[in-house]
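Please open the model in a viewer and set the display to a cartoon with side chains available on demand. The stops below proceed from the whole chain to single residues.

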Amino acid sequence: MTAYVPGITETDLKKIVLAIQQLAAGRSNAVGSVTLTTGASNTTVTTANCAAGSVPILVPASANAAAEAGNGTMYVSAVANGAFTISHANAATTGRTFLYAVIG
C-alpha cells in the first residue's frame, strides 16, 4: 500500500502528520512486484525508489517463484539509481512472480 508524500513546501500539519502515521503503520512507496523474464537469465526492475546502495528484498508470490528461489541460482546482481537486476535461471518457466521491497 502506498503512503502519502507531502511536498517539500507543505505547511498543512494534518498532511504531514498523516504521512508520519502511514509510515509508522508500515506503508511504503518502495514496494512492487516483478515476474522474472521467461527465456532470459536477467530481469531488470525499474523503480524510482531504488538507489545505489539500496537493498532489494524479494519474496516469492507464486509456486514457480518459490521453486526458482529454492534452486539457489537467483540473486540480485546489480543495484543502481532507479533500477535493480535479478540474475536467475534461463528457463521456459512462466509465472515466477515475486513481491519486492527496496530498503535504503
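Accessible areas here come from the Shrake-Rupley method with a 1.4 Å probe. On that basis the protein exposes about 6100 Å², of which carbon and sulfur atoms supply 59%. The model is a predicted one, and every value on this tour is computed from it.

**Stop 1: the whole chain**

Select everything and colour by secondary structure. The protein has 2 helices and 6 strands, and from the N terminus on its elements run α-β-β-β-α-β-β-β. The radius of gyration is 16 Å, well over the 13 Å that the globule rule gives for 104 residues, so the protein is more spread out than a compact globule. Aligned along the principal axes, the C-alpha atoms fill a box of roughly 50 × 25 × 15 Å.

Next, colour by accessibility. Buried residues account for 26% of the 104 residues. Of the contacts with a separation of 6 or more, 74% are between residues 24 or more positions apart.

**Stop 2: the sheet 2-5-4**

Select residues 42–46, 83–87 and 75–80. In which order do the 3 strands of this open sheet stand? The order is 2-5-4, with antiparallel pairing. Strand 2 (42–46) and strand 4 (75–80) are the edge strands, each pairing on one side only. From one strand to the next, the twist averages 20°.

Now restrict the view to strand 2 and strand 5 (residues 83–87). These two pair in the antiparallel sense over 5 bridges. To find the register, show T43, which stands opposite I86 in strand 5.

**Stop 3: the sheet 1-6-3**

Move to residues 31–35, 97–103 and 55–60. Here 3 strands form another open sheet, in the order 1-6-3, and the pairing is again antiparallel. Why is one side of strand 1 (31–35) and of strand 3 (55–60) left without a neighbour in the sheet? Both stand at the edges and have a single partner strand each, so one side of each remains without a neighbour in the sheet. Direction ignored, neighbouring strands of this sheet are turned by 30° against each other on average.

Strand 3 and strand 6 run antiparallel and are joined by 6 bridges. Display V59 to see the register: this residue stands opposite L99 in strand 6. Then add helix 2 (residues 63–70), which packs on the sheet and touches strand 3 and strand 6. The direction of helix 2 makes about 65° with that of strand 6.

**Stop 4: A101 in strand 6**

Stay in this sheet and centre on A101, which lies in strand 6 (residues 97–103). A101 is partly exposed, with a relative accessible area of 22%; the cut-off for buried is under 20%, so A101 does not count as buried. Which residues does A101 touch, beyond those up to four places away in sequence? They are A30, V31, V55, P56 and I57. Draw a distance from A101 to A30: the two lie 71 residues apart along the chain, yet their C-alpha atoms are separated by 5.6 Å.

**Stop 5: the salt bridge**

Show the side chains of E68 and R96. The count of salt bridges comes to 1, and it is formed by E68 and R96, with an N to O distance of 3.0 Å. The pair links distant parts of the chain: E68 belongs to helix 2 and R96 to the loop between strand 5 and strand 6, 28 residues apart. Are these two residues buried or exposed? Both E68 and R96 are buried.

**Stop 6: helix 1 and the segment before it**

Finally, select helix 1 (residues 13–24) and show Q22, which lies in this helix. Q22 is buried, since its relative accessible area of 15% falls under 20%. Leaving aside its neighbours within four places in sequence, Q22 is in contact with A3, Y4 and R27.

Conclude with V5, located in the segment before helix 1. V5 is exposed, with a relative accessible area of 57%. Draw a distance from V5 to A19, 14 residues apart along the chain: their C-alpha atoms are separated by 6.1 Å.

Conventions:
Residues are numbered from 1 along each chain as its sequence is written. This is a predicted model: local features need pLDDT of at least 70, side-chain atom pairs count only at pLDDT 80 or more; totals for chains, interfaces and linings use all residues. Side-chain values use heavy atoms; hydrogens and water are left out. Helices (H or I, at least four residues) and strands (E, at least two) are DSSP runs, numbered from the N terminus. Buried means under 20% relative accessible area, exposed over 50%, partly exposed in between (1.4 Å probe, protein chains only). Contact means heavy atoms within 4.5 Å. Two strands pair if DSSP finds at least two bridges between them. Axes are lines fitted to C-alpha atoms, for helices over the stretch in contact, and angles run from 0 to 180 degrees between N-to-C directions. The radius of gyration is taken over C-alpha atoms; the globule rule is 2.2 Å times the number of residues to the power 0.38. A salt bridge is a side-chain nitrogen of Lys or Arg within 4 Å of a carboxyl oxygen of Asp or Glu.
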